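Here's a quick briefing on the pockets and the ligand site, put together for someone who likes to look at the linings. Have a look at the structure, then read on.

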Amino acid sequence: MKAHRIALLAACAMAASLSLAQTPAKLKIGLMLPYTGTYAALGIAIENGFRLFVAEKDGKLAGREIEFVKVDDESDPSKATDNVNKLVKRDNVDVLVGSVHSGVAMAMAKVAKDTGTILIVPNAGADIVTGAMCAPNIFRSSFSNWQPAYAMGEVAAKKGARRAVTLTHKYAAGDESVKGFREAFEKGGGQIVKDLNLPFPGVEFQALLTEIAALKPDAVYVFFAGGAAVKFVKDYAAAGLKKSIPLYGAGFLTDGTLDAQGADADGLITALHYADSLGTPRDNAFRLAYAKTYKLQPDVYAVQGYDAAQMLGIGLTAAKGDITKKAEFTAALEKARIDSPRGSFMLSKAHNPVQDIYLRQVTGKENKVVNVAIKALADPARGCKM
Ligand code: PHB
């Protein structure tokens, strides 16, 4: 009887360890995004996109089930280092995905660099992340702040604008966006007559709109996103400026925001690496699946989240599911062509997408493609030594 029981126990233990050997541990993803504040909708769209790709792969990447450890980073850089350290050191996540806000992403990149943890940035454009901070374990599925801004500057100059005013939240993303716009706009013969800004995430635009009206520039270039973009577009129209001074932006100004902006956004021209009317089979399939799953239209953020999951899948598959095999992970991504809904792209040496920047115009509830403003635009990756 006793011997029988021992044999049974041994058989159970063997079965358990066998099934352990066959089922690798879940991959722990530290998902650090804003779920509150002006960028909350952006964080949600990124997570939705990420989950959609994983669901299309039957819930697994490279044979491993996924477990999320989620943090609401509140788009607050002052909390970012603590937040990311907790994910890496307390929760022992295998990989970091985040964030939206450039200041938060810079803190994430610093910890990723110091600890060697793989980081995929699914939005924040901070130029330095794929510039001076570039590293073998840091990747971006989105853009650099320079990219859409530079394209918009080139288009604004070609359209004949000579004197422009810029306006943005005062932080890395806004500053770099304005810098990218200025670089191309000046090259094309334009001149920035005034740089205006306000603290993030403020939305008291009235005094600034009054100043723009007094300056009477040929064009206004802005960087705003999320809730602030909704309010700015409405305020610009309410101030009567929409009729008299063309408003240009990095495309975040009108992406994921059109339901709330309504007619006040109609006709606005922006530049971005995505649009609502690409009409390719790849994008159509993505948009249909996203709308079915979430009862929502996708936007650029959803695409970037989806592509972050694709990139993780590519790296992890090359590493045979073992995220500690970083050389294999990196080598695979460096030669991958990523089959994005935006159009397929490859990563630059600094691990930022080399991608087409579309010129779009708001028509009803869509950012319609006007044309490709710049094909296969690569960020200059200033300061990257890799
Ligand atoms: C950024 O902080 O880098 C940022 C935030 C929101 C956007 C784009 C860039 O839509």
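In this predicted model, the largest pocket is lined by residues from two domains, with at least three coming from each of domain 1 (27–143 + 278–354) and domain 2 (146–272). The second largest pocket takes lining residues from both of those domains too, so it sits between them. As for the ligand, the protein buries 100% of the 280 Å² that the ligand exposes when taken alone.

**Largest pocket**

- The volume of the largest pocket comes out at about 520 Å³.
- There are 26 lining residues here, and Gly 256, Thr 257, Asp 259, Gln 297 and Asp 299 are the ones closest to the centre.
- Six elements put two or more residues each into this lining: α2 (40–56), α8 (226–238), α9 (258–261), α10 (281–294), α11 (300–318) and β14 (366–377).
- The top contributor is α2, which supplies five residues.
- Chemically, the lining of the largest pocket splits into 12 nonpolar, seven polar and seven charged residues.

**Second largest pocket**

- This pocket holds about 230 Å³ of space.
- Its lining counts 13 residues, and those closest to the centre are Asp 127, Trp 146, Glu 176, Lys 179 and Arg 382.
- Helix α6 (residues 172–187) provides the largest share of that lining, with four residues.
- By type, the lining of the second largest pocket breaks down into six charged, five nonpolar and two polar residues.
- Why does this pocket lie between domain 1 (27–143 + 278–354) and domain 2 (146–272)? Because both domains give residues to its lining.

**Ligand site**

- Around the ligand there are 16 residues, and the ones that come nearest are Ser 102, Gly 125, Tyr 171, Ala 225 and Tyr 301.
- Which side chains put an N or O atom 2.6 Å from a ligand oxygen? Ser 102 does, and so does Tyr 171.
- Val 100 joins in through its backbone, with an N or O atom 3.4 Å from an oxygen atom of the ligand.
- Once the protein is in place, 100% of the ligand's 280 Å² is buried.

Note on methods
Residues are numbered from 1 along each chain as its sequence is written. This is a predicted model: local features need pLDDT of at least 70, side-chain atom pairs count only at pLDDT 80 or more; totals for chains, interfaces and linings use all residues. Side-chain values use heavy atoms; hydrogens and water are left out. On a 1 Å grid over the protein atoms alone, a cavity is a set of points where a 1.4 Å probe fits but cannot get out, and a pocket is an open set with protein on both sides within 12 Å along at least five of seven lines; lining residues have an atom within 4 Å of a point. Grid points are joined across faces, edges and corners, and a volume is the space filled by probe spheres set on the points. Ala, Val, Leu, Ile, Met, Phe, Trp, Tyr, Cys and Pro count as nonpolar, Asp, Glu, Lys and Arg as charged, and the others, Gly among them, as polar. Domain bounds come from an automatic or database domain assignment. A residue is near a molecule or strand if one of its heavy atoms lies within 4 Å of it. A polar contact is a pair of N or O atoms within 3.5 Å; within protein, one must be able to donate a hydrogen and the other to accept it, and residues adjacent in sequence count only if both atoms are side-chain atoms. Accessible areas come from the Shrake-Rupley method with a 1.4 Å probe; for residues, only the protein chains shown count as cover.
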